[in-house]
Amino acid sequence: MRLFSFALSCLLAGLLISTAAAQTAYQKPPKAILDVLNAPSSPNISLSPTRDKMVLVESARYPSIAQLAQPMLRLAGSRINPATNGPQSTPRITKLTLKNVSDGKETPIAIPAGAQFGSPEWSPDGKQFALTNTVANGIELWIGDAATGKVRRLPNVLINSAFGGGGGGGRGFGGGDDSVQWMPDNQTLLCKTIPAGRGAAPVASTVPTGPTVQENYGKVTPAVTYQDLLKNAHDEKLYEYYATAQLAVINVANGKATAIGKPAIYSGVDIAPDGNHLLITTTQRPFSLLLTAGSFPHEYEVWDRSGKLIHKVASTPLQDQVAIENVPTGPRGINWRATEPATLVWVEALDGGETKKKAALRDRVLMLKAPFTSQPIELAKTEFRFAGLMWLEKGGQVLLRDSDRVTRKARTFLLNADNPQQTAKLIWNRSQQDRYNDPGQPVMKRLPNGQSVIRQNGDDIFLEGAGASPKGDRPFLDKFNLATLKAERLWRCDETSYETVTSLMSDDGSKFMTRYETATTPPNYFMRSGSSKQALTNFPDPTPQIRGIKKQLVTYKRKDGVPLSFTLYLPPDYKQGTPLPTVVWAYPREFNDADTAGQVSGSPHRFTTISSLSQSHLFFLLQGYAVLDDASMPVVGDVETMNNTYIEQVVASAEAAIDQAVAMGVTDRNRVGVGGHSYGAFMTANLLAHSDVFKAGIARSGAYNRTLTPFGFQSERRSFWEAEEMYYRVSPFMYADKLKEPILLIHGEADNNTGTHPIQSDRFYQALKGNGGTVRYVTLPHESHGYAARESIEHTLWEMLSWFDKHVAGGNSTASR
């Protein structure tokens, strides 16, 4: 007998009628917390490709709510500011400093007051860098001189970066935004610009022209619950207006712009290594009201630098018939080979794109060399789903990766693109979840043509990894020989610090740059060579007042034997042996087996900072609480059915964490609260509904009724109709009458995450209220899935501290109300 029908669940979710809500002023947490929250952040660095210069980048941590409240359009899965024709979230760089690597000489970069610069993008030769500056009416283009540190604006250029793009080959800003890219000649930039004379934006009619219609004819095509989608014909016109750009090559010496092609929606622009060919991806109609722009129809073409069509690569239809976890048929992942002048590489499905279908082979990889008149050459076929290519610096070698959805196995093969008939060599075959045996990632370098490749020294490549171990992460640098498949450890972080490799500074790996920190020493950059270690930066501790916080990695076991861990944080003035009110903060993760589930992640030697929303629960330390951070909540089992025991497993994990902390003498069992964000909020509500070990909970931006995400969530692959009982059991909404512990719900009113529409918290609040629960529901204006504005973060902290002060600590802590 069916326990619950989808129609009934939706009806119940909608029956609860909302009541009027009061709007309150933004509140602030205590001054001690504000001082830490508002402390300046340490600079980041941007190293030149030639490794002789770096730019120190300092940014404001939080925008104001006024900045967040600027006009925003939600179109085809993106959020844009119509005034700037750029992303809704703008850069907040406040200071730039040019620094020599060799002698440490620093040159301040003069930037205009109030400028909103983006991160620098270096030219391939390292002599210049490009910057964007967001102003009231657009996005300017600036050029910096690496010799002098002087920057200048290129006149009469406004960049269109509203929808970024998937091209750029690693050249564009952030690696994923191809709106500004250096050409291999180091003298010109290929840019998406605002078309001249495009006119005013479309204005919506006050009178509808007809209904909006969606339809399906018998095809099974489940879809993710995306947000920020197009809603009607007017949205389609707005999308076309703001996404349409004019490609232009801009001379950085004089600012002269040469148009390429006609205005279009350029969703991808990739420069060939020779600089003379362009892989152009344009978005076409029909658009969709259910999918984001990446699933719209696309045309893939090769142009020359004048905009002349050289080769038509592919046309892909609207991807409304591609089910979740499946891939499209036909060419996908089209890109350039990094080590040849102009050779296209792409992937095609051999199984019809159906990932759940049994098939001996999943994909094949094809290549086609300029002038693109011959037949494509097959580079490889994959047994599992294709997962990526990484080109080596020399010899036509390339690493190919495939992965299996059921076993979560990932394999890496070495192939020779110059001799595709040569047998592929298996390099690694491992579980994607096995952190302890992760060989690391290849160290990359940027070629003079602007392409990113694996750094190579003869038969050797270099690998950098997290170095996960039972005692925590100890990052490493290895030299790996492709002929012998043997790794040689060049360096590993010691057991008392946390240090990561940021860049190789010599071709043989004997000299490299690291970022070093300890629990009490702020992160700084160093040059390592042999046993010597030279400081490159000396950033001060921004928050010395929290240095007294104590932390340690704690390991223990669940009652079923699964190994678990948490990082224990204790307040600065903690007295040994004193049981404290305690916060358990966690995020569940799925694993195929207990061994990988129990592996330790993170390091107790990271510099203690409390500088972002993801670390906000650590502010409880300044109010006298203990914090069990990142407490393991593994859900272990068969990939297809593990969530059948989700409730039992998270409850058992929570009980084990509390038992361990109580046994250590740091936790008062009767004063424990639990909290989490997103999937952690889902966990929090379930723990309160199905156990009695917590006094109260904080659930931020969560999902509580899984029938509203009926085609899967997290790693769950079954639909509601395939696993009705499970969907019902793991939905806290269904147990609102059982949840009697106080719960604080917080949600961004503009949450854009696929599974956490604000209606989730709204309806959960109504269910709890209707059943007499103790609940407070806070919605944050203009905030998305993660909260950004200073006022929002301050208020969130005030809510969290006040809630646990009242319901966990019993009003005895120093938390402000």
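Trainee: Which residues does Asn100 touch, leaving aside those up to four places away in sequence?

Mentor: In this predicted model, Asn100 touches Asp52, Lys53 and Lys105, once residues up to four places away in sequence are set aside. The place of Asn100 is in strand β6, which covers residues 93-100.

Trainee: What makes the pair Asn100 and Lys53 a polar contact?

Mentor: The side chains of Asn100 and Lys53 are joined at 2.7 Å, and a polar contact requires a pair of N or O atoms within 3.5 Å, so the pair meets the distance limit.

Trainee: Why is Asn100 called buried?

Mentor: The relative accessibility of Asn100 is 15%, and buried means under 20%, so Asn100 counts as buried.

Trainee: How is Arg408 classed, buried or exposed, and what is unusual to note about its phi?

Mentor: Arg408 has a relative accessible area of 9%, which is under the 20% limit, and therefore Arg408 is buried. Its phi is positive, at about 60 degrees, although Arg408 is not a glycine, and the residue is found in the loop between β25 (397-403) and β26.

Trainee: Why does Glu325 count as partly exposed?

Mentor: Glu325 has 32% relative accessibility, and because partly exposed covers the range between the 20% limit for buried and the 50% limit for exposed, that is the class of Glu325. Glu325 lies in the loop between β19 (309-316) and β20 (332-336), and it has a positive phi of about 80 degrees although it is not a glycine.

Trainee: What makes Asn670 exposed?

Mentor: Asn670 has 57% relative accessibility, and exposed means over 50%, so Asn670 counts as exposed. Asn670 lies in strand β45 (residues 667-677), and its C-alpha is 8.0 Å in space from that of Val693, with the two residues 23 apart in sequence.

Trainee: Why is α6 called roughly perpendicular to α7?

Mentor: The axes of helix α6 (residues 646-663) and helix α7 (residues 679-690) come within 10 Å and cross at roughly 85 degrees. Since angles of 65 to 115 degrees count as roughly perpendicular, that crossing makes α6 roughly perpendicular to α7.

Trainee: Which residues make that contact, and how do they divide by character?

Mentor: The contact is made by Tyr646, Ile647, Val650, Val651 and Ala654 of α6, together with Tyr679, Phe682, Met683, Asn686, Leu687 and His690 of α7. The residues of this contact divide into nine nonpolar, two polar and no charged.

Trainee: What makes β24 and β27 edge strands?

Mentor: The open sheet has four strands in the order β24-β25-β26-β27, with antiparallel pairing, and β24 (385-391) and β27 (425-431) are its edge strands, since each pairs on one side only. The twist averages 20 degrees from one strand to the next.

Trainee: How do you know that β26 pairs with β27?

Mentor: Six bridges join strand β26 (residues 409-416) to β27, whereas pairing asks for at least two bridges, so β26 and β27 count as paired. The two strands run antiparallel, and Phe413 stands opposite Leu426 in β27.

Trainee: Which peptide bonds are cis, and where are their prolines?

Mentor: Among them is the bond from Arg285 to Pro286, with omega near 5 degrees, and the place of Pro286 is in the loop between β17 (277-283) and β18 (298-304). A cis peptide bond also joins Ala370 and Pro371, where omega is about 15 degrees, and Pro371 has its place in the loop between β22 (363-369) and β23 (377-382).

Key
Residues are numbered from 1 along each chain as its sequence is written. This is a predicted model: local features need pLDDT of at least 70, side-chain atom pairs count only at pLDDT 80 or more; totals for chains, interfaces and linings use all residues. Side-chain values use heavy atoms; hydrogens and water are left out. Axes are lines fitted to C-alpha atoms, for helices over the stretch in contact, and angles run from 0 to 180 degrees between N-to-C directions. Angles under 35 degrees count as roughly parallel, over 145 as roughly antiparallel, 65 to 115 as roughly perpendicular and the rest as oblique. Contact means heavy atoms within 4.5 Å. Ala, Val, Leu, Ile, Met, Phe, Trp, Tyr, Cys and Pro count as nonpolar, Asp, Glu, Lys and Arg as charged, and the others, Gly among them, as polar. Buried means under 20% relative accessible area, exposed over 50%, partly exposed in between (1.4 Å probe, protein chains only). A polar contact is a pair of N or O atoms within 3.5 Å; within protein, one must be able to donate a hydrogen and the other to accept it, and residues adjacent in sequence count only if both atoms are side-chain atoms.
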